[in-house]
Amino acid sequence: MDTSDLLRGGETLTTEFKSHLNDRDLTKAATCLANAQGGTLLLGVDDDGRVVGAQPRPGGHMDPARVAAYVQNSTDPPLGVAVSLEHIDGQQVFRIDVPTATPGPVATKDGYYTKRVLDTLGQPQCVPMSPQEIVSMGMVTRGQDYAAAVAVGATQTDLDPVEFDRYRRLSSLTRDSTANLQDEDILRALGLVPLAAPVSLGAILLFGRVEAVARWVPNAEFIFQDLRGQALPTNVWSGHSCVSPRRCRHSSMRETA
């Protein structure tokens, strides 16, 4: 549904308006929608539907990809959302499309389980989930790996064929059977094909192009440990400026023995 239609329709079970939310409350609002029917959160809109404009996120940025990455990395299991920055009535509005949590439920990393419902007057609100609801919904979420989470909007073109070739070459050295597989079969063999989308975060981390890693895992940190026949192990650390574990800038790395 177009954003203009959502604004005219007002707040519903699947549409929420917020003039501003800090990062913690933004994550809570996203999980609340996900644990019900999913929906759309418009950030920069008053409760009455008046567009007031979104405020910059912490650090002063207005980057939709970073907002999406924050939500995904602040929820458990990771919740992939689609975020866009739209211009409405001369103002900027974050549109955050939240899928239904499948599997669910999904919580914030600090343990909040909420669900969007209609109160006795028919007004939407977020309420805590009961222990019974959490257990009932959560039976299928146990053991879900972060790497299996969906990279929302990613396609096969975001994966680098060169990295698949590198994987096959290294696998052949250990006579691993996956060395003879095609790209998509390698992803399946490694458990990196999510049920609801073509590309997972794990696939991006292992095989993604530089731009893909920077977009879907912008807060990634990589640590490498070399144990090959040295008297002391060498640890190599790289922070945010290293957008790919395969293409770290030497200036951003530290070595410690």
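Which backbone nitrogen lies 3.0 Å from a polar atom of the side chain of Thr 108? It is the backbone nitrogen of Tyr 112. The legends below describe this site and several others in a predicted model.

**Figure 1. Overview of the predicted model.** The protein contains eight helices and 11 strands. Of its 257 residues, 42% count as buried. Its accessible surface comes to about 13,900 Å², and carbon and sulfur atoms account for 52% of that surface. Among the contacts with a separation of 6 or more, 59% are between residues 24 or more positions apart.

**Figure 2. The surroundings of Thr 108 in strand 6.** Strand 6 covers residues 107-108. Is Thr 108 buried or exposed? Thr 108 has a relative accessible area of 4%, which is under the 20% limit, and therefore counts as buried. Its side chain makes a polar contact with the side chain of Asp 110, at 2.4 Å. A polar atom of the Thr 108 side chain also lies 3.0 Å from the backbone nitrogen of Tyr 112. When neighbours within four places in sequence are set aside, Thr 108 is in contact with Thr 27, Lys 28, Thr 31, Ser 74 and Thr 75.

**Figure 3. The largest nonpolar core, a set of 20 residues.** In soluble globular proteins, nonpolar side chains tend to be buried together. In this core, the residues that touch the most other members are Leu 26, Leu 41, Leu 79, Val 81, Val 83, Ile 96 and Val 98. At least two residues of the core come from each of helix 2 (23-34), strand 2 (39-43), helix 3 (64-73) and strand 5 (91-98). Which element gives the most to this core? Helix 2 does, with five residues. Val 98 offers a view of the packing: apart from its neighbours within four places in sequence, this residue is in contact with Ala 30, Leu 33, Ala 34, Gly 38, Gly 39, Leu 79 and Val 81. A second core of 18 residues is separate from the one shown here, and its members include Ala 203, Phe 207, Ala 212 and Val 217.

**Figure 4. The disulfide between Cys 32 and Cys 126.** A search of the whole structure finds one disulfide. A disulfide is a covalent bond between the sulfur atoms of two cysteines. In the link of Cys 32 to Cys 126, the S to S distance is 1.9 Å. The link is left-handed, with -115° about the S-S bond. Cys 32 belongs to helix 2 and Cys 126 to strand 8 (residues 124-128), so the pair ties together parts that are 94 residues apart in sequence. Cys 32 has a relative accessible area of 0% and is buried, whereas Cys 126, at 35% relative accessibility, counts as partly exposed.

**Figure 5. An aromatic cluster of Phe 164, Tyr 167 and Phe 207.** How many aromatic pairs does a search of the whole structure find? It finds two aromatic pairs. One of them is the stacked pair of Phe 164 and Phe 207, with 4.1 Å from centre to centre and 5° between the planes. This pair links distant parts of the chain, for Phe 164 is in helix 5 (residues 161-173) and Phe 207 is in helix 7 (residues 201-207), 43 residues apart. Phe 164 counts as buried at 2% relative accessibility, and Phe 207 counts as buried at 1%. The rings of Tyr 167 and Phe 207 have centres 5.8 Å apart and planes at 75°; because that angle is over 60 degrees, the pair is edge-to-face. Tyr 167 lies in helix 5 and Phe 207 in helix 7, so this pair ties together parts that are 40 residues apart in sequence. Both Tyr 167 and Phe 207 are buried.

**Figure 6. Helix 3 and its packing partners.** Helix 3 is mostly covered, with seven of its 10 residues buried. Which residues of helix 3 are buried? They are Pro 64, Val 67, Ala 68, Ala 69, Val 71, Gln 72 and Asn 73. These buried residues pack against helix 2, strand 3 (75-76), strand 4 (82-88), strand 5, helix 7 and helix 8 (210-216). At the N-terminal end of helix 3, Asp 63 acts as a cap: a side-chain oxygen of Asp 63 lies 3.0 Å from the backbone nitrogen of Ala 65.

Note on methods
Residues are numbered from 1 along each chain as its sequence is written. This is a predicted model: local features need pLDDT of at least 70, side-chain atom pairs count only at pLDDT 80 or more; totals for chains, interfaces and linings use all residues. Side-chain values use heavy atoms; hydrogens and water are left out. Helices (H or I, at least four residues) and strands (E, at least two) are DSSP runs, numbered from the N terminus. Buried means under 20% relative accessible area, exposed over 50%, partly exposed in between (1.4 Å probe, protein chains only). A polar contact is a pair of N or O atoms within 3.5 Å; within protein, one must be able to donate a hydrogen and the other to accept it, and residues adjacent in sequence count only if both atoms are side-chain atoms. Contact means heavy atoms within 4.5 Å. A nonpolar core is a set of buried Ala, Val, Leu, Ile, Met, Phe, Trp, Tyr and Cys residues joined through side-chain atoms within 4.5 Å. Accessible areas come from the Shrake-Rupley method with a 1.4 Å probe; for residues, only the protein chains shown count as cover. A disulfide is a pair of cysteine sulfur atoms within 2.5 Å. Rings of Phe, Tyr and Trp (its six-membered ring) pair if their centres lie within 6.5 Å; planes under 30 degrees apart count as stacked, over 60 as edge-to-face and the rest as tilted.
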